[in-house]
Every structure is written in C-alpha cells, then in structure tokens.
Amino acid sequence: MFGLDKKDTSLLLIVAALVALAPIILNPFPEGSALAQFNAGYPDLMQRFVIFGIFAIGFNILFGLTGYLSFGHAAFLGAGSYAGMWMMKLLTINVIPAIIFSTIIAGVISLAIGWISLRRSGIYFSILTLAFAQMAFALAASVLTPITGGETGLQTNLNDPRVLPSFLGGGASADGNIPKPSLFGIEMSASFELPVGSWVWTFNWGYYICAVMMLLAFYLAIRVFRSPFGLMLKAVKSNQQRMNYTGLNTRPYMLACFVISGMYAGLAGGLMAAMDPQVGAERMQWTASGEVVLMTILGGVGTLIGPVLGAGLIKYFENIFSKINDNLLHQWFSFLPDGLENFMVTIIHPFIGKGWHLTLGLMFMGIVIFLPGGLVEGGQRIKAMFKGKKAEKATKTTPAE
Amino acid sequence: MSKSTLSRRGVLKSGAVAGAGLAVPTIFTGSSVSAFTNDPTGSSVTLGFNVPQTGPYADEGADELRAYELAVEHLNGGGDGGMMNTFSSKALEGAGILGKKVEFVTGDTQTKPDAARASARSMIEKDGAVMITGGSSSGVAVAVQALCQEAGIIFMAGLTHSNDTTGKDKKANGFRHFFNSYMSGAALAPILADRYGKDRKAYHLTADYNWGYTTEEAVRTSTEAMGWETVAAVKTPLAQTDFSSYVAPVLNSGADVLVLNHYGGNMVNSLTSAVQFGLRAAEANGKNFEIVVPLYSRLMARGAGKNVAGIFGSTNWHWSLENVGGAKYAGTNAFVQSFGQKYGFPPSQAAHTVYCQTLLYADAVQRAGSFNPCAVAEALEGYEFDGLGNGPTLYRAEDHQCFKDVLVVKGKENPENEFDLLEIVDVTPVEQVSYDASIFGGELGSCNPGA
Amino acid sequence: MDQIILQILNGLDKGSAYALIALGLTLIFGTLGVVNFAHGALFMLGAFCTVTLSRILTLSHEVIDESRKDFLGNPLKVDVPYIYDWFGESTGAAIIDWAVPLSILFAIPVMIGIGVLMERGLVKHFYNRPHADQILVTFGLAIVLQEIIKYYFGANQIPAPAPEAFVGSFDFGAAVGFDAGAIIYPYWRIVYFCFAMVLIGAVFAFLQFTTFGMVVRAGMADRETVGLLGINIDRRFTIMFGIAAAVAGLAGVMYTPINSPNYHMGMDFLVISFVVVVVGGMGSLPGAVLAGFVLGILESFASMRQVIELLPGINQVVIYLAAIVILLTRPRGLLGRKGVMED
C-alpha cells in the first residue's frame, strides 16, 4: 500500500492508529485519581509530542542515514517559527500559509547553511552547523529585535495588518481580542471533550492537524529511507571516501538530504507557531539543537519510529515530572503512616518538581548503558523475549503431536 | 491534605454521569456549559504557580513558591493571616475564595518563554487553573500574559521589570504589581543627583535584550534630565559571563559613573569585574568613581558578595521598609513575621510581590463575586488599596500597572548575615515615578473570558 | 593604541581560560576520542571545590548575642568559625581569605579522583561505542552532576573572592609610559594568566619529556600497536583522564574570583570549549591552546565600543564567525591532524 512493502505499511498503520487514538491512550488514569498527574492526554502536550516527533524524524533523516551530526537544527526550527508567525501577522490568521511558508524559509536557510557546512565532515561539520545556529540565536535575541521581537519574542497583535480578506482569516476579530490561529474558522485551540465513565478524553483540532502533518512526514521519511536516494545516503555513511573514488559526487545528495531535514524542522517550527502563537529566540539556542540530538539517540538512531519515541519521552518528562510537587507526594503517600509518608516524600523529593532534570539525566544514562540501540532496541528485546517464549512453547508442544 | 483534587474536568465528569455510558459529547469551547474558561464549580479552586525551578533563577523561583504557599495557607484560614490582617480590603475572611478552598499546581518556566507557556497551558488545559501567576523574567511574563489573554484567564505577573509587560505588550487579562524600568530610573535619578552631584558623566553597560534597552533608556533619560551626561552606552551579549573586556575601557573613557543595566548572573559578573578592576576605589574627573545598578535583588546581592557594598540601586520592596519608613508601609512587618516564622529567613522582594498578587487576585474575586476574568479585571482596574507593605497603591486601569513608592537601596557595608545585604537609602514617592499610560504604546484590548 | 593593548591583555586572560578548558577537553576528546559533554561539569566541579573548601573553613558554631536582634526581634545568632577558635581571629580570617589559592591543593586530588572514577566506572565502556552514545551518556552525567551540586549549593551564584592581597589593578599604562589609568589590569587576572601558562607548560612537559607521556602520545597515534607491544595503555589512559579532569578543575578553581560560580557555569563553557578544540584542530594540544588565545583576543577586540558601533552585534557572534572562517580556510582547524573525528 502507498508504495510501501508490507512491513512498512503495517508500521505506518500502527503509528497512524496510535496517533489517532492518542487522546485516549495517553489518558490511562481516571480523572481525579492520584495517578491522573501522569496523564499526558491534554492538547498542549499532545501537540508537542507530534511536533517534536516531526522535528526528530527530520533530524534522523540526516543523522540516521548519513551519520552527519548537525548541532544547529534548532536554527531551522526557529526560522520556521518566525516565518510562520510573520505570515499570521501579515497575511492571515489561517495556519496554511504559515505552515507552507515556514517550511520554505527553513528550506532556503538550510540550503545556504548546508552548502557551506557540508564542505567539511565529522566533527568539523558539527561545529560549523553549531556556529551558524548560535549566530542565529544571538542575533535574533539582540540586533534583530525589530524582526524577531528579541527576548520577549514575537506574538500576534491586535493591530497586525492581516491583509487577506476576512473569509480567508484576514483582519482583526470583532470582539477586540486578538484572533486565534485557525483553519478556515476552526480555531486550533478548539477541543471536543468526551467523558466516558471516570475518564475525559479531549480531542483537539490543533492536535489532529499536527498529527496529520506528522503522519505525512513519517510516510515521506519511510519513502526516503527505502528509496535509491536513501541507499545512496547510507552508502555515504558507511564509506564516503569509497563513494568519491567511484567517481560519484556525493555533495548534491548530502545537500538534498540536509535541506529535506531542515524543511522538516521548519515545518515543526511553523506548526509550533500555529498551535501557540509565540516565538522566542531561545528556540534557536544550542540547547534546543542538543535536545533533538538527544531525542534521536534516545529513541534509536537510524530507526524509523525511534526519534518519535525519544521526542515523546523527553517532552513527557519535561512537562509531567516538573509539575509534581511535595503537596502531591503527600497526597499519594497519605495512606502510609505519617513517619513513612514523610520518609517516602523525602526520598522522592529530589527527583521531581525542580529536580526533574536529575531524573532526566539518570534516564539518559540508564538507557544508553542498558539499551545501546535506544528505546527501539528495548522494544525489540521485549518482542524477542515474547517470541523466544513462544518459540520455546512451540518446540515443547510439537513433540507431543 | 485532601486526597482528590476536583478539577474542572472532574466536575464536568460528575455532571455528565447520567450519560456516561452513552458518552454524550460536550463541545467545550463555545458551549453554554460555563461562561468562562475553567469556571470552578466544585468546592475548590485551582491556581497555577508558574515559576523558574531550574536554570539560573531557580532560587528566586523557590522563594516565590514559598510565598505562594504562604498566601494559599493564609487564604484558606491557616497560619497567622499575614498581610490579610493589614490589607485595607476586608473582603477576604480566611475561608478560601468565595468559599472555595484554594488549591494550587506548580510548574517550571525554566526562564524560557516556550517552556513557560507549555507549563501554563498544561495548568489551564489539564489542571483547570483559573489564574496563572509567577515568572522571573520579562520575556516569560510577556509570553505567558499573551497566552492567558488568549485562553481567557487572569495572569498576575510575578517578578518582571521591563516596561513592555504593562507597556507595549500589555494585555487586558494581565496585571503587574512589580515596578518597572521607568520607575527605577525616575526613582534613582534625584537621589543619585543628590548624592553624587549633578555634574556627572555616565557610562552604561547594557544587557543586549528588551529589558536592558528599556532600563538603559529609563536611567539615561531621567539622569540626563538631572544634568548628567552619558558618555557611552555599550551593549553586552546576553550569554556573556566574563565582562572584563567591557569594563576595562571604562576608567579611561572620561566617565565617572558606571551604570550596569544587568540583571541576575549578568549583574553579578559585571559588578565583580568592575570591582576587580578597581573602579570602586578609583577617581575620575576629580571625583570618586561610582557604580549604579538600576535593579537590585537580594539574590544578586548574595551572588556578588561584598562587591555590592555602597552601590546604589532600586527595589520594589524590602523587608526592613516598615522599620525604616514607618507605619505608612504597614503590612511589611506582618508579612516578614509570618514568612520568617515559617521559613526562618526574611522574604525577598520577589516573594513579596507574588504574595501580594495572590492576595489581590483573591480579594478582587471576592469583591466581584465571581471568578469570571472580566469581572475580576473590572474589580482590579483603578483599585486603590493599602496595607500590603508598599503604602497606598493604585492598580491603574489604563495599563494594569501598580503605582506605589519606589525604594532606593544600597549594598550594606557590613552585612550581619546572608539575608541582610541591602539597606534603604530613601523612598521616592509615587508622584515622582508616575507617567502617562500612553507613552509606551501598545493596546490593552478587551478582556477575554475564554469559552 | 592604549585601547588595543588593553584588549590584548583582556584577550590573553579570556584566552587562558578558554585554553585551559580546551586543553583538558582535547586530552579526552581529541586524543582518547571520547565526545565528553561532561567536561564543562568537571570545570564546574573544580569551582565548587573552592566553594566546598571555603565552606569547610568557615564551619561555624552559633553564639547568641543578646545585645543585637535579628529580623524577627529574637536575639541575634552570630556564626563564629571554628577556625577562629583554633588559630585566633586574625590567623583564622587570613586562612579563610586565602581559600581560593588553598583550594588548588584540595582540588588536585579530588579532581583526579573524580576523573579516574569517571573513566573506570563509565567512560571506559564507551570507547568502542558510537559517538552518539558517548554524547548521550556524558550529557546525562553532566546533568546529574549539575543537579547534585544544585541540590546542595542552590542555583544562585556563590561569591568566592580572591585574597585581599590581590584586590585592585596593576597600572600597566603608567609602567610603560601611557597615561595613568589608561591600561589597568586586575592583579588576580594576571595571576590567572600566569597560572594558566604554568599549567599548560606542565602538561606539555609531562607529555613531551617523560616516558609516560611518550607512551601516551604513542597510544594516541596508534593504540593497537602500543597494546601489541605489551604496554598497558588502558591504565595510562585512565591516568590521562584523571589529569584532564584535574586541569579542568584547576581552571575552575582559579576562575571563581573572576565569576562567582553557580551550578550552571559548566554548560555555559561547554559549547565554547568544543568550538575552541575543533578550531584548534582535532588531536592537537598546541592547537587547542592557540585557538583559545586567538578566540579570546578576537572576542576582546569585538567588545570594543568603536567596533560595536561599526558592526552592531559583532560582539555576539565573533567567536562563531571566526570559527566558520577558520574551518573553511583550514579544513582541519589550526593545527589538526588528518583523520581524527572526520567521519
């Protein structure tokens, strides 16, 4: 189906199903229960999961296929966001021009940066991309303030021009409020709540738009991985010198790959601006570039689904663990006797709330030490364990027949 | 501590129990279920405390969080009541807000607008918070304020000093108790002119981002009005850690005052450099060389250690204010007492401003008789109050900025402990720091109740 | 002219900080081939050796002073360091005053210990793993180390002043015939520069003139062959790791009076130190030192008022701009070797 082989089709379908049902899957705990804190099925976080999923998929096309480690991908994310934001300020609050334009701008910028950076390989390439991104960040935060809004960032305003006619989302809203990003009148923040028993599932428009984009991005990534082009990139990874000796110029392939990857980042940036109309310069900082590197490695470099999982895990920790506070801990352990309750709270205290970084750091170390291939390898091991058991069972039962 | 938190959704759920099996869909936005976002219909109300818990301002965030917890305790009738006893409005009775028990959720802004908005959105979307407050930088405050405007809930700004928060980027749903760059400049200038003379040449080092720009401009304009001359203003990168190359040329530039428009770690490092270069002891143009830090905080003073001794700056509030300034600033001692009893050290200005903001919000709800953001905003606009430690204060309707006296402080020469680092030099009365609401541009827009 | 000399001095000082950090990093990264994202954390740990030592020196007992009141109106508790009781107040105060230089003695064993522990316990298992895994594990370690420091010392900066004797500036200008005050330079920064020179010299001498250093250099060039010769190169690499950690730590110790340390300072230096190492050229110790000074001096020049007025924002980007130009004109940085981390 869709020009994919059976295995890839089933992977795509599984991902599609998971993404479609995410509002249900991510809310496993009933509302009001002590564990509801761990529910992640609210619009903002779900949007972040898929947007950072797109970012990581794009990054993995470059890093996973060619082995070129870019440390400046946040620049494309930020550029995409700024571009999308300006579209929503100048043209229309409708998100479509924003998304398209952000992808194009990121493509153009990545073409320029890639053209220069790809003259070098290995660590020298990494540092070149890092240098470009850091320059973009520093300038966006300071001298480019008229364009980027500087440290306070760029936002939609009441008096933005929005020149397109109002049925296309132009103009200001009637009630004196800043119009919200929308798709032909459907606001990105509009949700539909479905209470079932003790659960409440929130189906958010913005999330589903992001989800559709992510599935498209995922599908395209599979096609790239399986194409002759992808094969060429893998050859670059295994031995670029040999490729050059055979008379093949790998540069155009590399550059195309870099630009595709940059456009993915731009798309993610545009979606971020469309879901939440605010862009700050820190979106371009090296820590943001580092984050996508970590996401990809955490999930599994060069695997299709790994980067998405990695992105999800990091965002989950950032948003869920940072919100747990001592009060909640006391609630959770209130069934214990007082002394024990306090003891448990004291033990867990350093790892939650302001200590969520510590948990994240320990998780990084744990995963890379015990699962060298990232989360995907973890999944494979579990699968193998089940298969192994099944196989054992099969061999055990066969003799009886 | 009660075990279950009745969130907006919890309530929604119980309301929909009848159709639970059938799963009757409720379109939440734009529906008639409630007139505004996160209407608390249960027996409790949830506030969102969004402060930096990681990153360089984590300690400031921790101090804010302490004050928030204290405020919640007082609102729910616990503790000694703190400033609720001295507050001029007596609407609050220690029985929660409108009879609903106050609960709270906390989040980490990381001092990054993106993370701050993510955290605030999760409070709104997941926890059903009806008000968001906090923050420790103007970038974060402006970002979260815009989000709250969009989502239709009230934002009570924490520590944010840029003119933009209630100037160019002001929003109908956002309110600020803290003072701003303009007020710092206006408060400092007359006192600087008085102490250091009117014939001074200033050299500005300015952090290269919005807050730095507004602060430099404020201090420049108001000191130049006093007769000072500005020799040069140099922008320093935000991520700079070693300021030596910026400080070194100062002494030979003809200037005799150095103004450090830096905050937090930037200020600690630039001041340390300046002192190391011997500027404190130097003489220029036949006068003692002086250093000025427009915005002081205790954490900065702590980070810079004895380098702050004798250096002038401004603050929003200081725990010794009532002892120095007299009964006009009633509330200060009550707050210091209850904070000090609970945590063992005096509160910082960040703690004070967020405590006030929480109380002011609760009081406004109580007076309005509704959690509806538009009703709350109306109750806060043009509201005059007293007894929250700053003397008589006005929440101006035009830009949602509080107007009150501004403190000019200097670093203590011989601090007795790590919290006793600043001393009050003078208090500039509110008339001298007021300005026309229109000078910074921006539009308030109309209040948004969401839904 | 005086301005330019002043900024060269500044650049040498900034450069010596960059060079010291990059030197330690390049020992690990450029030679052992481990992408060590925890190097900034080692620098930070060094700085906190100073903080820890000064905390130890000021360990106090409380004396209640009835004549004074604290902020709540209770009798004031005054902390009196034990060291005052033991050595008398003036000697005690002098010892506390000299906490930063004393920390050098304290930091060397501690940092070597941390380095060896880190190599044996963690990094050793990652020599043959992909660089991606090394990034993840060392980044994770860096976060954990930071958070531990934050947990015990808080997030705020902690002042660690230089001894009284080094307060103030030396007037170079007057010494060489310019106006008084035209070229001044703080004593402590002069100390820092000299210290950096001595330390860099010591590391080079160690690698150049000792048998141990010779074996390590051989191991860097071709680890396998050295192993085949029956030399236990692993043990030597462990020691090198310890030395690198100590170099980073000492850079941190001496840096504390310049910038009050906080738990985050390592991350602030991490990116710049990678840039310095790579611009210097992978696998080259002199390259790292040279690049440190070049970038330091360039940064100083870019911060001159006259330069900023000409090119707004240049002070924000000069290091990265220089890195790009250097890497494009010299493919392996200033003094890089062929084939190190190029694929």
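Domain bounds, as used below, come from an automatic or database domain assignment. One thing to know before you start: this is a predicted model, where local features need pLDDT of at least 70, side-chain atom pairs count only at pLDDT 80 or more, and totals for chains, interfaces and linings use all residues. Residues are numbered from 1 along each chain as its sequence is written, while chains are lettered from A and ligands numbered from 1 in the order in which they are written.

**Exercise 1. Split chain B into domains and describe where they touch.**

Step 1. Take the bounds: domain 1 of chain B covers 43-179 + 330-403, and domain 2 covers 182-315.

Step 2. Get the spacing. The C-alpha centres of these two domains of chain B are 30 Å apart.

Step 3. Count the contact residues, where two residues are in contact if their C-beta atoms, placed from the backbone, lie within 7 Å. Domain 1 of chain B puts in 13 residues, and domain 2 of chain B puts in 13 residues.

Step 4. Find the elements. Helices (H or I, at least four residues) and strands (E, at least two) are DSSP runs, numbered from the N terminus. On the domain 1 side in chain B, helix 2 (58-75) and helix 12 (349-368) each give at least two residues.

Step 5. Sort by class: Ala, Val, Leu, Ile, Met, Phe, Trp, Tyr, Cys and Pro count as nonpolar, Asp, Glu, Lys and Arg as charged, and the others, Gly among them, as polar. That makes four nonpolar, six polar and three charged residues on the domain 1 side of chain B.

**Exercise 2. Work out the strand order of the three-stranded open sheet in chain B.**

Step 1. Apply the pairing test: two strands pair if DSSP finds at least two bridges between them.

Step 2. Read off the order, 13-14-15, with antiparallel pairing in this open sheet of chain B. Strand 13 (383-385) and strand 15 (402-403) of chain B are the edges, each pairing on one side only.

Step 3. Zoom in on one pair. Strand 14 (residues 393-395) and strand 15 of chain B are joined by two bridges in the antiparallel sense, and Tyr395(B) sits opposite Cys402(B) of strand 15.

**Exercise 3. Describe the contacts that chain B makes with chain A and with chain C.**

Step 1. Start with chain A: 48 of its residues contact 53 residues of chain B. Helix 3 (43-66), helix 6 (122-141), strand 4 (191-196) and helix 14 (326-332) of chain A each bring at least two residues to that side. The largest share, six residues, belongs to strand 4 of chain A.

Step 2. Class the chain A side that touches chain B: 13 nonpolar, 23 polar and twelve charged.

Step 3. Move on to chain C. Here 37 residues of chain B meet 37 residues of chain C. Elements of chain B that give two or more residues include helix 2, strand 7 (229-236) and helix 11 (332-343). Helix 8 of chain B has the largest share, with five residues.

Step 4. Class the chain B side that touches chain C: 17 nonpolar, 13 polar and seven charged.

**Exercise 4. Is Arg162(A) buried or exposed, and is Phe184(A) buried or exposed?**

Step 1. Set the cut-offs: with C-beta atoms placed from the backbone, a residue is buried if 20 or more other C-beta atoms lie within 10 Å of its own, exposed if 12 or fewer, and partly exposed in between.

Step 2. Take Arg162(A), in the loop between strand 1 (154-155) and strand 2 (182-183) of chain A. Its phi is positive, about 45 degrees, though it is not a glycine. Arg162(A) has 23 C-beta neighbours inside 10 Å, so it counts as buried.

Step 3. Now take Phe184(A), in the loop between strand 2 and strand 3 (186-187) of chain A. Phe184(A) also isn't a glycine, and its phi is positive at about 45 degrees. Phe184(A) has 10 other C-beta atoms within 10 Å, so it is exposed.

**Exercise 5. Check the length and burial of helix 2 (residues 39-57) of chain C.**

Step 1. Use the expected span of a helix, 1.5 Å times one less than its number of residues. For the 19 residues of helix 2 of chain C that should be 27 Å, and the end C-alpha atoms are 27 Å apart, which agrees.

Step 2. Count burial: 15 of the 19 residues of helix 2 of chain C are buried, so the helix is largely enclosed by the rest of the structure.
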